[in-house]
Amino acid sequence: MDIFSVLILLFIILICTIFTGIFYDAIWIPTTKKDYDRIARLVNLRPGVTFYDLGSGDANMLFYFSKKYGVNCVGIEISPFLYFYSKIKSLFYKKVKIEYGNFYRYDISQADVIYVFLLPKAYPKLKNKIDKELKKESKLILSYWPFEDREPINIDKKEGLAPYYLYQK
């Protein structure tokens with residue numbers, strides 16, 4: 001296989017990785033590292049908290065939270081490439097568990113905090129899942145777009161950075 005064929009194959013893998021989530025109302029745009037501590041402060045992350053990332057991508061935020069804050073993390077990812085990457089990396093982190101598949105099919109009732117970066121058209125189905133499964137004191141962080149019909153308990157907006165909306169069940 002020549003170098004051009006390898007580059008084409010890598011490009012196809014990248015495109016598939018990025019766009020797999022579109023079929024599930026999500027796209028892969030990683031949360032920036034400079035936002036990790038903002039998110040942690042927003043929900044007061046501390047040891048013993050169980051943090052779920054629905055659509056965890058490369059799971060870098062989960063690895064960071066488990067190491068810096070001692071948080072138990074669960075990532076659910078539907079892209080096979082991102083899942084395998086993060087699953088292999090999770091072997092070196094005791095507090096990070098990576099699952100493969102559609103997060104709507106997973107039980108999220110053990111989560112203390114859930115982080116989601118979805119397109120708003122997915123919100124009705126997400127709200128239904130949250131209302132059925134989350135504990136009363138659980139928190140939800142939405143990136144970029146708030147729920148239109150629910151009031152967040154806190155909002156973190158910084159110029160030039162993603163806004164985060166915090167909800168409590």
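**Exercise 1.** Starting from Lys68, whose relative accessible area is 48%, state how Lys68 is classed, and find its salt-bridge partner together with the place of each residue in the chain.

*Solution.* Step one is the class: Lys68 is partly exposed, where buried means under 20% relative accessible area, exposed over 50%, and partly exposed in between, computed with a 1.4 Å probe and the protein chains only. The model is a predicted one, in which local features need pLDDT of at least 70 and side-chain atom pairs count only at pLDDT 80 or more, whereas totals for chains, interfaces and linings use all residues. Residues are numbered from 1 along each chain as its sequence is written, and side-chain values use heavy atoms, with hydrogens and water left out.

Step two is the partner: the side chain of Lys68 meets that of Asp37 in a salt bridge, at 3.2 Å from N to O; the term stands for a side-chain nitrogen of Lys or Arg within 4 Å of a carboxyl oxygen of Asp or Glu. This pair links distant parts of the chain, 31 residues apart, with Lys68 in helix α3 (residues 60–69) and Asp37 in helix α2 (residues 33–43). Helices (H or I, at least four residues) and strands (E, at least two) are DSSP runs, numbered from the N terminus. Asp37, in turn, is buried, with a relative accessible area of 19%.

**Exercise 2.** Describe the salt bridge of Lys135 with Asp112 and that of Asp131 with Arg150, and then place them within the whole set of salt bridges.

*Solution.* For the first pair, the side chains of Lys135 and Asp112 come to 2.8 Å, N to O. The two residues are 23 apart in the chain, Lys135 in the loop between α5 and β5 and Asp112 in the loop between β3 (96–100) and β4. Lys135 is partly exposed at 27%, and Asp112 is partly exposed at 25%.

For the second pair, the closest N and O atoms of Asp131 and Arg150 are 2.7 Å apart. Asp131 belongs to helix α5, while Arg150 sits in the loop between β5 and β6 (154–156), 19 residues away. Both are partly exposed, Asp131 at 39% relative accessibility and Arg150 at 27%. Elsewhere, salt bridges that share partners join Asp35, Arg38, Asp156 and Lys158 into one network. A search of the whole structure finds nine salt bridges.

**Exercise 3.** Work out which residues of helix α5 (residues 123–133) are buried, which exposed residues lie on the face turned away from them, and what covers the buried side.

*Solution.* The buried residues are Tyr123, Leu126, Lys127, Lys129 and Ile130. They lie on the same side of α5 because they cover an arc of only 165 degrees around the axis, the arc being that of the directions from the helix axis to the C-beta atoms. The face turned away carries the exposed residues Pro124, Lys125 and Lys132. The cover over the buried residues includes the strands β1 (50–54), β4 (113–116) and β5 (139–143).

**Exercise 4.** Summarise the make-up of the protein chain by its elements and by its burial.

*Solution.* The chain holds five helices and seven strands, which run α-α-β-α-β-α-β-β-α-β-β-β from the N terminus on. Of its 169 residues, 47% are buried. Among contacts (heavy atoms within 4.5 Å) between residues at least 6 apart in sequence, 57% join residues at least 24 apart.
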